[in-house]
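I opened a fresh page today for a look through one structure. My plan is to go from the whole fold down to a single residue.

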Amino acid sequence: MKFAFLIFKYFPYGGMQRDMLRTANRLATAGHSVDIFTMSWESEMPERNLPEGNINVHVMPGKGWFNFQKYQDFIRQAHARLAREFQFDLVVGYNRMGGLDVYFAADACFVERAYRQRNWLYRLMPRYRWFREMEEVVFSPQSRTQMLMVDMKEKAVFQRWYHTQDERFHYIPPYLPAERLQLHDRKEMQAYLRNAFNLPQETNIALLVGSGFYVKGLDRAVHALASLSADMRRNFKLIAIGQDKPDPFIKMARKLGLSEHLIISRGRPDIPQLMQGADFYLHPAYRENTGLVILEAMASGLPVLATASCGYAVHVQEADAGRVVPVPFEQAVLNRELQDILAKVRTRDAQLEAWRSNGLQHARKLMQENDGGAEAEIMLRIVAEKQRGAA
């Protein structure tokens with residue numbers, strides 16, 4: 001079988017990007033070929049020719065003044081090449097666009113966010129109109145695009161706006177690679193993390209990981225940090241790691257007198273080790289379809305403080321692996337929860353060990369439900385059904 005994967009940007013620390021490459025490798029290992037079309041590739045190229053199948057990457061930068069215009073130009077280029085040079089059994093998009101057989105729904109409903117989190121002026125902008133059009137062309141009842149859903153709660157949101165048919169949604173259980181459950185000596189990892197950022201060994205550390213600091217709620221985390229007393233902030237650091245512009249948050253911390261308590265770093269390959277050395281994980285995101293990093297933190301033995309607007313925050317509640325701030329979000333609630341969990345860290349409260357143990361057990365259970373091949377299996381099934389329909 002021949003598969004085309006379309007994704008705006010590839011970078012090695014994005015959850016959706018890792019899902020995409022893992023699925024491409026699964027298909028290639030099973031003897032199929034995958035051509036990946038993207039605007040940029042910020043990593044080593046995947047091994048092109050495998051014994052069974054192959055993976056090819058085609059980089060095509062989009063042109064335009066604004067990002068949505070660049071995306072538009074990339075889509076035009078990609079579909080022109082698909083029609084002119086290739087013949088694929090399945091076209092899979094990891095961003096919303098027309099001409100897809102399958103859409104990997106890693107993002108929450110765009111229009112829902114635009115109405116809940118933005119004012120009416122935003123909805124008059126060309127950017128909004130374009131992204132809404134791309135979402136509608138995927139989810140409208142007239143479309144034949146099949147959706148791979150990582151959070152089925154979001155299905156009802158899409159259906160409220162677009163009336164999408166039930167049978168077009170396919171659920172994918174959460175996936176964690178086996179290496180996420182390979183735990184090292186906790187004291188060694190605590191020293192590793194603190195040495196990595198030149199911090200005293202007695203420093204208490206909360207991690208926040210993810211590309212897109214605003215969406216991940218780093219501003220909320222900074223304001224929660226500001227709510228702590230000077231004594232509570234003593235020997236405490238919030239370390240944010242991800243692919244985003246740090247300047248707005250550095251300025252925010254400076255204005256609030258928190259510069260010495262906030263560290264911002266670009267994405268790194270040693271996140272599992274850093275997680276195992278932190279005291280807890282902080283994820284007050286505005287809205288995320290999943291929030292895979294929450295499960296990764298649980299698999300690292302980290303208590304989690306997250307917002308209920310993240311799809312995978314439900315696993316924190318099911319496992320009793322930390323605290324979840326309910327929606328609608330209130331900053332004061334996050335402030336109190338941060339103070340409480342930090343107090344537990346400072347006093348070495350037994351509740352922390354219970355949260356760690358519960359999170360690890362839950363993560364291992366999830367591993368049994370998806371070995372990493374669920375997406376590939378669904379895609380192959382869709383191809384078979386498509387071919388039967390064309391016969």
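Below are my notes, in the order I looked things up.

**Entry 1, what I am looking at.** I am working from a predicted model, so I keep that in mind throughout.

**Entry 2, the fold.** I looked up the secondary structure and found 15 helices and 13 strands in the protein. The radius of gyration comes out at 22 Å, close to the 21 Å from the globule rule for 391 residues, so I note the protein as being as compact as a globular protein of that length. I also checked the C-alpha trace, which spans about 70 × 50 × 35 Å along its principal axes.

**Entry 3, inside and outside.** How much of the protein is buried? I get 56% of the 391 residues. For the surface, I noted about 18,100 Å² exposed, with carbon and sulfur atoms supplying 49% of that area.

**Entry 4, contacts along the chain.** I took the contacts with a separation of 6 or more and found that 65% of them join residues 24 or more positions apart.

**Entry 5, charges.** I looked up 51 positive and 44 negative charges in the protein, and their mean positions lie 5 Å apart.

**Entry 6, one residue.** I then turned to D73, which sits in helix α2, a helix covering residues 67–85. Is D73 buried or exposed? Its relative accessibility is 13%, and because the cut-off for buried is under 20%, I file D73 as buried. Which residues does D73 touch, leaving aside those up to four places away in sequence? I wrote down P61, G62 and K63.

How values were computed. Residues are numbered from 1 along each chain as its sequence is written. This is a predicted model: local features need pLDDT of at least 70, side-chain atom pairs count only at pLDDT 80 or more; totals for chains, interfaces and linings use all residues. Side-chain values use heavy atoms; hydrogens and water are left out. Helices (H or I, at least four residues) and strands (E, at least two) are DSSP runs, numbered from the N terminus. Buried means under 20% relative accessible area, exposed over 50%, partly exposed in between (1.4 Å probe, protein chains only). Contact means heavy atoms within 4.5 Å. The radius of gyration is taken over C-alpha atoms; the globule rule is 2.2 Å times the number of residues to the power 0.38. Accessible areas come from the Shrake-Rupley method with a 1.4 Å probe; for residues, only the protein chains shown count as cover. Lys and Arg count as positive and Asp and Glu as negative; His and the chain ends are not counted. The place of a charge is taken as NZ of Lys, CZ of Arg, CG of Asp or CD of Glu.
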